[in-house]
Structure formats: structure tokens, C-alpha cells
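Here's a quick briefing to read alongside the structure. Have a look at the model first, then we'll go through a few spots.

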Amino acid sequence: FNNLYATFPTVSNIEIKRIFPNQLRIEFDEYDAWGVLCRSAPEECFWIDRAGVAFERAPEFTGTVVPKVRDEREEEFTLGERRLSPELMRLITFFNERAFTDNYLQSVEFSIDKKDATLHVRTREGWEILLFENLDPEESYKNLRITLENQVKTEARARELEYIDLRFGSKIFYKFKEAEAL
């Protein structure tokens with residue numbers, strides 16, 4: 001079977017049944033491409049499904065046609081194995097879905113830091129949301145909205161944000177960009 005998986009990387013499961021006297025039934029499932037997972041060393045990208053399984057090489061591209069996750073962790077993996085945990089995929093899909101309806105959020109890219117596996121959600125405005133994979137997406141989003149509405153308050157002020165750190169539950173930290181010297 002390993003040769004079949006290598007030849008047909010989009011196949012996730014194969015079942016072969018012998019039907020007497022002279023028939024063979026082959027059934028298979030295919031991965032559904034949900035997004036792209038890229039890593040830096042060396043630069044390569046893979047299609048991933050909603051479960052976080054990397055299954056086939058993908059082209060490097062820009063834009064928001066499909067969610068893009070940049071993984072800076074330097075762990076080896078093989079195609080057909082889960083690369084992103086269910087908790088991490090839950091956070092990524094949650095914030096990706098909010099990007100279509102939330103003007104403040106509008107995420108462009110997700111990245112996973114190699115030091116502590118922090119998930120960085122980069123917005124179109126250029127600021128980031130920092131999350132740990134064990135966080136509840138709904139609670140994190142609620143904390144984000146409260147911070148934006150009560151502390152940041154305006155879209156002009158949001159453009160000055162560098163990040164909002166939601167990694168520590170109800171303790172929320174944020175930082176504005178340094179004013180550029182004239």
C-alpha cells in the first residue's frame with residue numbers, strides 16, 4: 001500500500017476486497033484540500049485537510065484564496081501524517097472563518113513560532129494576534145473583541161497596533177507600534 005500512497009498522494013484510505021471467484025473491489029477516500037502548510041527550511045508547501053494532515057506538495061502563492069499556515073517549527077514529517085494538532089486546527093479554522101465577517105480581524109496568514117509554538121494570526125492591517133493551541137477559540141475571540149472595543153476603540157488606532165496577546169486567558173496584553181522618528 002505504501003507504494004500506492006506515494007503514487008497517489010491525495011488518497012487517504014484504501015480498502016481492497018476480493019469477491020469470489022474472480023473480482024476485486026477497490027474503494028478509496030481522498031483528502032479534501034482545505035489550506036496550505038508551508039515551512040521555511042527548506043521552503044516547501046503542502047496541501048492540508050481540515051484535520052491538519054499534509055498530503056501533497058502545493059505551490060507557493062500569495063493571497064487569501066485558501067488559508068495559509070507557515071510552520072516555523074523544524075520538525076520532520078512525512079506526507080499523510082497529521083502535521084497540525086486538532087486544537088491548532090480548531091483555532092485556525094475558527095479565526096479564518098471570522099476573517100470574512102470581522103473588519104478588524106481579516107486574517108491574512110497564520111504562522112507557528114518555532115520557539116514556543118505560539119500561533120500568530122496576521123491581519124490585513126499588519127498587526128498580529130498571539131495564541132496558544134490549548135485556548136478556547138470562542139473565549140479568545142470574545143477577549144479580542146473586548147480589547148478592540150474598549151482599549152483600541154477606532155480603526156485608525158487599530159492600524160497602530162503591533163499585536164494583541166491572548167495567550168494567557170483573561171490576562172490580555174497589547175502593544176502599539178513605536179512612533180517613527182522624523
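Does Cys45 count as buried or exposed? Cys45 counts as buried, because its relative accessibility is 4% and the cut-off for buried is under 20%. Keep in mind that this is a predicted model. Here's the rundown, starting with that cysteine and its partner.

**The disulfide**
- Cys45 is joined to Cys38 by a disulfide, with the two sulfurs 2.0 Å apart.
- The count for the model comes to 1 disulfide.
- The link of Cys38 and Cys45 is right-handed, with 105° about the S-S bond.
- Cys38 has a relative accessibility of just 1%, so Cys38 counts as buried too.

**Around Arg70**
- Arg70 sits in strand β6, which covers residues 68–71.
- Despite the charged side chain you might look for outside, here's the number: Arg70 comes in at 13% relative accessibility, so it counts as buried.
- Leaving aside residues up to four places away in sequence, Arg70 touches Cys38, Arg39, Ser40, Glu43, Glu60, Glu109, Phe110, Ser111 and Ile112.
- That list ties back to the disulfide: Cys38 is among the contacts of Arg70, and Cys38 is also bonded to Cys45.

**A nonpolar patch on the surface**
- Ile16, Leu24, Ile26 and Phe28 make up a nonpolar surface patch, with about 410 Å² of accessible area together.
- Strand β2 (residues 23–30) gives the most to this patch, with 3 residues.
- Leu24, one of the patch residues, is found in strand β2.
- With a relative accessible area of 57%, Leu24 is exposed, as the cut-off for exposed is over 50%.

Terms used
Residues numbered from 1 in each chain as written. Predicted model: local features only at pLDDT ≥ 70, side-chain atom pairs only at ≥ 80, totals over all residues. Heavy atoms only, no water. Helix = DSSP H or I, 4+ residues; strand = E, 2+ residues; numbered from the N terminus. Buried < 20%, exposed > 50% of the residue type's maximum accessible area, 1.4 Å probe, protein only. Contact = heavy atoms within 4.5 Å. Disulfide = S-S within 2.5 Å. Patch = residues over 30% accessible without salt bridge, like charges linked within 9 Å, V, L, I, M, F, W, Y side chains within 5 Å. Areas by Shrake-Rupley, 256 points an atom, 1.4 Å probe, with all protein chains shown as cover. Salt bridge = Lys/Arg side-chain N within 4 Å of Asp/Glu carboxyl O.
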